[in-house]
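Biologist: I would like to learn how to read this model feature by feature, taking the general idea and then the case at hand. Where should we begin?

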Amino acid sequence: MSTTTTATTAELLRGAAELFPDEVVTQAHVRHLDLPGAGRFALITLDNGFDHTKPTTFGPQSLANLDAAIDQVEKEAADGEITGVGLTGKPFIFAVGADLKGVELLKRHPDALAIGKGGHDVFKRLSQLAVPTFAYYNGAAMGGGVEVGLHCTYRTVSKTLPAFSLPEVFLGLVPGWGGCALLPNLIGADRAVSVIIENSLNQNRQLKGQQVFDLGIADALFDGADFLEQSLLWTASVLQGKTEVVRPEVDRGEAWDQAVERGRAIADSKVHGAAPAAYRALEIIAAAKSGDLRQGFDAEDQALADLIMGGELRAGIYAFNLVQKRAKRPAGAPDKSLARPVSKVGVVGAGLMASQLALLFVRRLQVPVVLTDIDQERVDKGVGYVHEEIDKLLLKGRVNQDQANRLKGLVTGSLDKAAAFGDADFVIEAVFEEMAVKQKVFAEVEAVVPKHAILATNTSSLSVSEMASQLSHPERVVGFHFFNPVAILPLLEIVRGAQTDDASLATAFAVAKSLKKTAVLVKDAPAFVVNRILTRFMGEIQNVIDEGTPVATAEKAIEPLGLPMSPLVLLELVGPAIGLHVSETLNRAFPDRFTVSPNLKAVVAAGKRGFYVYDSGKPELDPEVAALLQQGDTVLTQEQVRARVLDAVAQEIGLMLEDGIVAEAQDIDLCLITGAGWPFHLGGITPYLDREGVSQRVTGKRFLEQGLASVPA
Amino acid sequence: MPRTARDVVFVDGVRTPFGKAGPKGIYHETRADDLVIKCIRELLRRNPGLPPERIDEVALAATTQIGDQGLTLGRTAGILAGLPQSVPGFSIDRMCAGAMTAVTTTAGSISFGAYDVVVAGGVEHMGRHPMGEGVDPNPRFVSEKLVDESAMFMGMTAENLHDRLPHITKQRADEYAVRSQEKAAKAYANGQIQQDLVPISIRRTSPEAGETGWGLATADEPMRPGTTLANLAGLKTPFRPHGRVTAGNAAGLNDGATASLIAAEDVAHELGLPVKMRLVSYAFVGVEPEVMGIGPVPATHKALAKAGLSIDDIGLFEVNEAFAVQVLSFLDHYGIADDDPRVNQYGGAIAYGHPLASSGVRLMTQLARQFEEQPQVRYGITTMCVGFGMGGTVIWENPHWEGK
């Protein structure tokens, strides 16, 4: 610790830079210019030398470069050679914050502390110069990029700025280079909570330029077309005293405490106390009420260091990399040049699922989509559904009238499969979940489609290979398993059957990409990935309830994971009947591990839609369900329940990896995050199971090597 | 239907600072279209009384209409400048007189009643688009001796003009150039130029040309205040051994853009827009391409004749200084002294630079300022020579004129 508190900023950064030799280094160019009527001005441009596809970040050497630039302008300001200092970015990008790759490499608490302190030490110099400083948010600004501007005296923002956020809490950090302490003192605690907590925990929601101005973060807003010119002329006007910047007084009374409480409620509703970052950020925001920035910055340094050395952040970065990088390059997908073009899609069935698929295909692929069913009424209903949904998109302004006309014109229905699918390149079935029915449908379709057409099935639990087995060309069958709601959940499990060929699989991945889905390649095995893990997970909960643990205890036992909803609420969402059906399927496949709960059977038989009633506004066990339950007399504690459930999940994942259901544990996590909404701070689930020692206990080894979603050894 | 010609006025004009073409120039990393877009936006900011949807046309000139000067610049720049979609636009080319032609041709349409208000201007980024880029002259020009080969090279045509008018010596040309630099420096010191400049953000990523990062262009880069005859005497004559035309007594190769608002006078009054000049007449004339610099002489005759004026009625002259010899040939023809105070009071293109198709509006903007300062003057002209043997002249009346 003493080394970090006594070392100079330059030493700190040099030390950190040695740990991170692969940093993409941002330069801080200093250029002088004449501000009309306001003298010589120094403008610092942050630029990593790449175009906008590689945004500017701050690693240790980048911070050292900014530090050196500030050395120069500090002296010029002290010597009276310049009247002000500005800070802006390369085209389209201001700066997007700390380089996460560098954070992943940190192994020791003092190094983590040095990163926080290093950033602070450099950024805060911008508020201590002998002249005013100005940040010009010209383009994307995130995290440390936002924070460096907060240390300046004034800020302007471009109307065309597409993304502005403090995403730290989303990843498992706090805005620790001044964000937590400065932002509430600039715009008030309530607005700061919205930016730091609420936006972060809502899938990392981004602000646009106008909102940045409306929130009071920026003092002036200018069009993108001549943003820098107008910002500089405004600067001249401020420096000449012609423009006075007035900011509303920040309410340091009760409103501040209420804002922090609101933040806690948001955090509770999103992570249920299971991830520390939001709460650490709120502590600093609460303390910032005093206006003591030094204390706030110290608290940020400590929080950053603690979180960097904690598992949640590592899991968060891991999860971020999964959805940002791995999702774009699906493991095991064949060469994409093998993919065949898809210029017409057929959907067998016109029920709700089929209609949802038709809507998705027509919106994303913009090719003709034909629905078929057994009678005209069903077909009309299916097409009608798609048309209504397109009208809703039109009302919301998501498509314009021309686009709506185009999309509606592309969706048709037919009773004649031969006419409908005769020139289709891709036909997906969404008929009743029964092998014989699906085999019959595929046989009918194969008789009429062109030779190259892909036959896809949206089955959630049946064998794709078996479904293909009676066809003359089984190599063109793929599993294409969506998750409900189809429009919202990104995951698409692409199942390779025993005889599926590379070209068909490549086409399936190409279609998935056009559909903007996260495709994961899955082996043909019962219930694939997400449903198998969820069913094992729910089955174990159901088991302990059946054995005698009260429903409330079983449910509470899972809360520390911070899942989006409790197991029984999830069951209600899925539908108890479907849950039962999947558990029966898996029970047939793996009778030693998957049980069929008699209580669940009873609930389904009674026609109940769930375990709870919501009369009081909160979920309470439905008395009718309570009356149905037949429980044993083994009562477990919450800890015991949690251990049993996690052990079961770890065992199942271990077996799935052994069987090669997916390429790697990362794919399991990617599936759980994008298909079940499991949280970033768990990294899906395997980082958590490794961290808690569950995987070691159950399978004898970790799922992920040390350092991948954890502090490196 | 009965038709009444309407009076046409120059409402306002602005320009970017002009830069030197080439890798070290201030605009080396700036797009040409961005230069003119920023001029259009400045015109709208300076004239808040003009609802943008009242603009009926955007006419923009560029000599080399490819790349960032192509794609029907008048239309695309309008969209990029944030004008309403309903505002149309087109591109126009008369080489050096491009912006001048943008003004005159839209003025004709205003007078006819087709437009009320237009944006007219031009741009030339000679760094990105060197003169002659992509041209493919018809071989008949040479085989049939339609023009001399030197006609393609403006510097050679200036040497040819020296040949034709041997009394215009290199010494006179250099003296004229020194005065142009002096007058421009004085105009800058008096703040007569800066008020119509649009500052432009400029990026530099190559350290050879100076500090890197974003900067701001607020002044003309080509200017060489303090230039002396001795400085000029030693310069090379690149177009001919022992010739007379040098980089010192000619305009350079430059980057820059201009834009103006032209309106029917009644509409300007309706919208409360300023009236800086009133159009009297204009004319374009063709001459031998080998001596294109003589173009302003017949063009001015023609414009004066149409206006029923004589050269003595003209109180202020803005003559584009492509070459000193070309200005001197004009002055000699009309019996005006080399240092006549009515001519190019703020200096000219030899000092500021000449980004081909943009220059016409620079002349107008400067004449408008001089009209404002000198209400005793009633008429002024803007005139320029044009490649391939042409001249263009526009005669303007001073709305501030006090006499009668």
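Modeller: Let us begin with a helix and the strands beneath it, bearing in mind that this is a predicted model. Helix α22 of chain A, residues 502–514, lies across β13, β14 (454–457), β15 (477–482), β16 (491–496) and β17 of chain A, and its direction makes about 175° with that of β16(A). Helix α30 of chain A, residues 665–676, also packs on the sheet, where it touches β16 and β17 of chain A and runs at about 130° to β17(A).

Biologist: In what order do the strands of that open sheet in chain A stand?

Modeller: The eight strands follow the order β12-β11-β10-β13-β14-β15-β16-β17 in chain A, and their pairing is mixed. Because β12 (411–414) and β17 (518–523) of chain A each have a single partner strand, they stand at the edges, and one side of each has no neighbour in the sheet. From one strand to the next, the twist averages 25°.

Biologist: Which residues of β13(A) are buried on its two faces?

Modeller: Phe426(A) and Ile428(A) are buried on one side of β13(A), while Val427(A) and Glu429(A) are buried on the other, so that both faces are covered. As for its partners, β13 (residues 426–429) of chain A pairs in the parallel sense with β10 (residues 345–348) of chain A over four bridges, and Gly346(A) stands opposite Val427(A). Four bridges also join β13(A) to β14(A), again in parallel, with Ile454(A) as the bridge partner of Phe426(A) in β14(A).

Biologist: Let us turn to the backbone. Which peptide bond is cis, and what is its omega?

Modeller: Most peptide bonds are trans, and most residues other than glycine have a negative phi. The bond from Asn484(A) to Pro485(A) is cis, with omega near -5°, and Pro485(A) is found in the loop between β15 and β16 of chain A.

Biologist: What is the phi of Gln366(A), and where does Gln366(A) lie?

Modeller: Gln366(A) has a positive phi of about 50°, although it is not a glycine, and it lies in the loop between α16 (352–365) and β11 (369–372) of chain A. Gln366(A) counts as partly exposed because 14 other C-beta atoms lie within 10 Å, a count between the limits of 12 or fewer for exposed and 20 or more for buried. In chain B, His242(B) has a positive phi near 55° and is likewise a residue other than glycine; its place is in the loop between α7 (229–233) and β8 (254–264) of chain B.

Biologist: Why does His242(B) count as exposed?

Modeller: His242(B) counts as exposed because it has 6 C-beta neighbours inside 10 Å. Thr106(B), in helix α3 (residues 98–112) of chain B, counts as buried because it has 26 C-beta neighbours inside 10 Å. Leaving aside residues up to four places away in sequence, Thr106(B) touches Glu57(B), Ala59(B), Tyr115(B), Val118(B), Ala120(B) and Ile262(B).

Biologist: At a coarser level, into which domains is chain A divided?

Modeller: Chain A is divided into domain 1 (2–309), domain 2 (336–523) and domain 3 (530–660). The centres of domain 1 and domain 3 of chain A, taken over C-alpha atoms, are separated by 46 Å, and the contact takes four residues from each of these two domains. An unreviewed UniProt entry places the feature "domain: 3-hydroxyacyl-CoA dehydrogenase NAD binding" at residues 344–524 of chain A, a stretch that is 45% helix and 21% strand. The UniProt annotation "domain: 3-hydroxyacyl-CoA dehydrogenase C-terminal", also from an unreviewed entry, covers residues 528–610 of chain A, where the chain is 66% helix and 0% strand.

Biologist: How many residues does each chain give to the contact between chain A and chain B?

Modeller: The contact takes 18 residues from chain A and 16 residues from chain B. On the side of chain A, the elements that give two or more residues are β1 (27–35), β2 (39–47) and α11 (227–239), and the largest share, six residues, comes from β1(A).

Biologist: Finally, where in chain A does pLDDT stay under 50?

Modeller: Where pLDDT is low, the predicted coordinates should not be read in detail. In chain A, pLDDT stays under 50 over residues 1–5, whereas the chain averages a pLDDT of 95 and 99% of its residues score at least 70.

Terms used: Residues are numbered from 1 along each chain as its sequence is written. Chains are lettered from A and ligands numbered from 1 in the order in which they are written. This is a predicted model: local features need pLDDT of at least 70, side-chain atom pairs count only at pLDDT 80 or more; totals for chains, interfaces and linings use all residues. Two strands pair if DSSP finds at least two bridges between them. Axes are lines fitted to C-alpha atoms, for helices over the stretch in contact, and angles run from 0 to 180 degrees between N-to-C directions. Two residues are in contact if their C-beta atoms, placed from the backbone, lie within 7 Å. UniProt positions are given in the numbering used here, feature names are shortened, and annotations may be inferred rather than shown by experiment. pLDDT is the predictor's confidence in each residue, from 0 to 100. Domain bounds come from an automatic or database domain assignment.
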